[in-house]
Amino acid sequence: MEAVFSHLRGAIERGEYAVGDKLPSEAELCRTLEVSRPVLREALRALQTMGLTVSRTGKGTFVLASTVEDPTFGDYAASHLLEVRRHIEIPVAGYAALRRTPEDLDHLAHLLDRMERETDTTAWVAMDSLFHLALAEAAQNPVFRRIIEEIRDALARQSTFLNELGGRREQSNCEHRAILEALVDGSEQDAMEAMSHHLQVVETTLTDIVRPKRTDTPTEGRVEA
């Protein structure tokens with residue numbers, strides 16, 4: 001999927017498909033790139049998340065922009081999510097370290113154990129959302145939980161995006177483990193620092209996807225994975 005996404009994104013950014021142009025049909029792209037339809041559709045969804053294309057039911061996919069500005073996850077732009085998460089989830093981690101119950105720790109440990117064994121992206125993303133929601137619950141403040149619930153769908157979409165294009169799952173598991181260890185120790189400072197690091201890596205990965213260092217050259221025909 002990443003190879004197909006990069007190929008189509010490059011074609012759009014080079015002007016091979018201009019703003020307003022309709023992309024070839026899914027069947028034609030599958031034949032040209034020699035990939036399956038599910039892989040192609042994942043790549044097309046990623047292009048839409050990046051704001052490069054728009055899908056019109058019954059009409060096809062059209063180029064919306066030639067450069068990426070700010071990916072959108074559900075109702076929220078990536079930059080807005082990151083800004084809010086710094087102000088919410090870092091203090092949440094600190095409060096959770098001070099207020100967590102044995103039941104909270106057991107629940108978080110169980111989730112993380114399952115996440116570290118999980119290989120399916122969809123299942124992992126669902127547990128990732130639950131992990132962050134459980135942290136808010138451990139902070140013992142219903143307002144924090146309500147905020148995380150509000151952005152939960154956007155967080156899941158962002159998590160899927162980062163996993164598919166940034167290979168984030170294993171590294172994210174390590175970051176979650178550091179947060180949990182700080183909660184077990186009851187260290188407010190360590191928990192806040194661990195969450196801050198987690199969010200910083202999320203931002204760095206997003207930035208690398210949105211503004212990659214160009215080392216490839218244009219190719220035609222089959223996509224090489």
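**Cavity, pocket and one methionine**

About 160 Å³ of space lies in the largest cavity of this predicted model.

Biologist: Happy to look at this with you! How many cavities of 30 Å³ or more does a search of the whole structure find?
Modeller: The search covers the whole structure and takes 30 Å³ as its lower limit. With that limit, the count of cavities is one.

Biologist: Which element gives the largest share of the lining of the largest cavity?
Modeller: The lining has 17 residues, with Arg85, Asp128, Leu155, Gln158 and Ser159 nearest the centre. Helix 6, helix 7, helix 8 (169-185) and helix 9 each give two or more residues. The largest share is six residues, and it comes from helix 7.

Biologist: Nice. Now the second largest pocket: how many charged residues are in its lining?
Modeller: This pocket holds about 420 Å³ of space, and 16 residues line it, with Arg45, Thr49, Arg157, Thr160 and Glu164 nearest its centre. Helix 3 (37-49) is among the elements that supply at least two of the lining residues, and its share is five. By class, the lining has four nonpolar and seven polar residues, and the charged ones number five.

Biologist: Is methionine 192 buried, partly exposed or exposed?
Modeller: Methionine 192 sits in helix 9 (residues 188-210). Its relative accessibility is 24%. Buried means under 20% and exposed over 50%, so methionine 192 counts as partly exposed.

Biologist: And which residues does methionine 192 touch, leaving out those up to four places away in sequence?
Modeller: A helpful hint is valine 92, 100 residues apart from methionine 192 along the chain, with 8.0 Å between the C-alpha atoms. With the sequence neighbours left out, methionine 192 touches Ile90, Ala93 and Gly94.

Note on methods. Residues are numbered from 1 along each chain as its sequence is written. This is a predicted model: local features need pLDDT of at least 70, side-chain atom pairs count only at pLDDT 80 or more; totals for chains, interfaces and linings use all residues. Side-chain values use heavy atoms; hydrogens and water are left out. On a 1 Å grid over the protein atoms alone, a cavity is a set of points where a 1.4 Å probe fits but cannot get out, and a pocket is an open set with protein on both sides within 12 Å along at least five of seven lines; lining residues have an atom within 4 Å of a point. Grid points are joined across faces, edges and corners, and a volume is the space filled by probe spheres set on the points. Helices (H or I, at least four residues) and strands (E, at least two) are DSSP runs, numbered from the N terminus. Ala, Val, Leu, Ile, Met, Phe, Trp, Tyr, Cys and Pro count as nonpolar, Asp, Glu, Lys and Arg as charged, and the others, Gly among them, as polar. Buried means under 20% relative accessible area, exposed over 50%, partly exposed in between (1.4 Å probe, protein chains only). Contact means heavy atoms within 4.5 Å.
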